[in-house]
Amino acid sequence: MPLTKLQIQPGIDKQNTEYGAEGKWTDSDNVRFRYGQPEKIGGWVKVTSDALLGATRAILTWSSNTGVNYAMYGTNKKLYAYSENSYGDITPTRGTGSITQFGTTNASTTVTVTDAAHGALVGDHVTISSVSGNIGGITQANLQNEFEIQTAGTDTYTIVSPAAASSTTTGATATATYEINSGPATSIYGYGWGAGTWNASTWDTTRQGLTGAEGVLLQSGKWALDNWGEDVLIQKFDGGIYYWDTSAGLSSNVAATTSVSAGPTKSRFMLVSGDDRHVICFGTETTIGTDSTQDNMFIRWSHQETVNTWTPTATNTAGTQRLTDGNLIQSAVRSRGAILVWTDTALYQMQFIGAPYTFGFKQLGANCGAMGINASIDISGTSFWMGTDSFFMFDGAVKKIPCSVQDHVFDDINPNAVGDVFCSANTDFNEVIWFYPSGNSLQVDRHVTFNYAENLWYTGSLARSSWADRDVYSKPYAAEYDASDTTATITTIYGNKAGRTFIYSHEDGVNASGSAMTAYIESGDIDIADGDQFMSISRFIPDFKNQVGNVDVTVKTRPYPTGTQTSHGSYTVSTSTTKQDTRIRGRQVALRVASDAVDDKWRYGTLRLDMKPDGMRGA
């Protein structure tokens, strides 16, 4: 008989049974589709060996007016700036305090610090200076450092000294510089007494994120980062706006004195509008400077071309607007000629219209809200986002995207951690990627990709907490968080807990940071001949493009749809393999293509089978 080409449709289909997905690919990892054929994805390498403290939830890349490239990374604990292979810790500070005494315990490294107005939370950072003397055998030098706060009370907190005390005593004074409050590494629901922030509201008042009467949503520490010219506006989730001057250099913290004056002190997030240059705060205060007036559906914007004029008057363009459909504003992106704003239930358009209203608002869709702050993206005027149970796009009209992996994603996603979903673009390959936490994970551990040029979906286990597409850097930059990593960070901080981020340059080579990358794709069952026929396969002819190294091909057969599947191989296909002899029999066949060695590279073309009718003997 002539050779028979095994026809498999592009894209991953997880909506059907393996037999129902006949002629389709059903599973993959570290594989993408390009021009209708699957191939191993590009590799990644560390930008530097430096470890960043905490889980990175925002990345901004840009170039200064002098052509110097920069990147900024916001973690739940820190804010870092990067340029020319160097990092700087530029975490904003919220002020200084006076330490009235230290307390030590003999043979212990734990030091109790007394500052009645510290306002710190567990996990925050404090830099102690001007210590008046030694205390309990711990020297001034050991106390004049940066520390992560271990426990926090009303007027005291504890730190871990680099040296143990030799006596139990109290004494000495110092100055403390406090960084802005940190946040959790992951978004989780807290339950019971003490789940929320102490004194954040009044007794018997419904808290944001409350699920019935059971718990409050503890959002992970997120940042909004956006350019103001060559400089950067910075806002921590539910905080105020800070200004970082690029010319100040990587060694300069964003201090409290450089925050945006007269602006809101508590907003969910912010961004800068397009050509009209307004700073816009979403889910912000109805009364500027009074954080108790935060309204999750309220929008406020500054006067045009300024970051410090926020009160609307007849002679400026500052203003406000409250949206109505939904409970909270979830996301916003700049799009073609407008800003798209998502609540948890709806999509709005915010368009610059000039005086007297400055911006006009129009609802574009209902029952199409965004999953979280980073769940949406705009690519060349078309927006994509993840909703609560579907994927959507807007290209002039709101559309639900048909998704062949929808149940795979939404039936196994952690509902308590969906706030950490991160939507990204890899435009060189026409991909929108959503990184998300699976059902049993508090951390992002999976991704789902939509190839918008070919209308294809594929899935994988690549876990990135944030991502920036290729721009001023020639490759995409992405962050991987490891909750158990304790690598030393770029600055010495005593008492810091486990949890580090490493930054990778993607589509860089073919390996996983120098190690082998396991990549595979597997098909559903395919009838290998028309009618009720049992076939014998004596050989197959492989077809791969751009192959480097070996590819492992496994052929799987069944005697009937519900029968036991039998694997044949794997067969090693090298660049010189012209055919592979086999002794395979069955009615249905499935294919698995895989590689797991350093420097492997491949793009699948097709597989041709040499087969003839056979009996059921031995089936």
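## Backbone exceptions

Pro356 sits in the loop between strand S32 (346–354) and S33. In this predicted model, the peptide bond between Ala355 and Pro356 is cis, with omega about 0°. A cis peptide bond also joins Gly569 and Ser570, where omega is about 20°. Ser570 belongs to strand S50 (residues 566–573).

Most residues other than glycine have a negative phi, and most peptide bonds are trans. Glu84, which is not a glycine, has a positive phi of about 50°. Its place is the loop between strand S10 (79–83) and S11. Glu84 is exposed because its relative accessible area of 58% is over the 50% cut-off. Asp238 likewise has a positive phi, near 60°, and is found in the loop between strand S24 (231–236) and strand S25 (241–244). At 22% relative accessibility, Asp238 counts as partly exposed.

## A four-stranded open sheet

Four strands form an open sheet in the order S8-S9-S10-S11, and their pairing is antiparallel. Strand S8 (56–63) and strand S11 (86–89) are the edge strands, each pairing on one side only. On average, neighbouring strands of this sheet are turned by 20° against each other, direction ignored.

Strands of a sheet pair through backbone hydrogen bonds, either parallel or antiparallel. S8 and strand S9 (residues 69–75) run antiparallel and are joined by 7 bridges. Ser63 stands opposite Asn69 in S9. The loop that holds Glu84 connects S10 to S11.

## Aromatic contacts

The structure contains 28 aromatic pairs. In one of them, Trp301 and Phe359, the ring centres are 5.1 Å apart and the planes meet at 80°, so the pair is edge-to-face. Trp301 lies in strand S28 (residues 298–301) and Phe359 in strand S33 (residues 358–366), so the pair ties together parts that are 58 residues apart in sequence. Trp301 is buried, with a relative accessible area of 2%. Phe359 is also buried, at 5% relative accessibility. S33 is the strand that follows the loop holding Pro356.

One aromatic cluster is formed by Phe384, Phe391, Phe410, Trp434, Phe450, Tyr452 and Trp457.

## Arginines over rings

Arg32 lies over the face of Phe429, at 3.8 Å from the ring centre. A second arginine, Arg277, is placed over the face of Trp228, at 4.0 Å from the ring centre.

Key: Residues numbered from 1 in each chain as written. Predicted model: local features only at pLDDT ≥ 70, side-chain atom pairs only at ≥ 80, totals over all residues. Heavy atoms only, no water. Pairing = 2+ DSSP bridges. Helix = DSSP H or I, 4+ residues; strand = E, 2+ residues; numbered from the N terminus. Axes fitted to C-alpha atoms, helices over the stretch in contact; angles between N-to-C directions. Phe/Tyr/Trp six-rings, centres within 6.5 Å; stacked < 30°, edge-to-face > 60°. Buried < 20%, exposed > 50% of the residue type's maximum accessible area, 1.4 Å probe, protein only. Lys NZ or Arg CZ within 6 Å of the ring centre and 35° of its normal.
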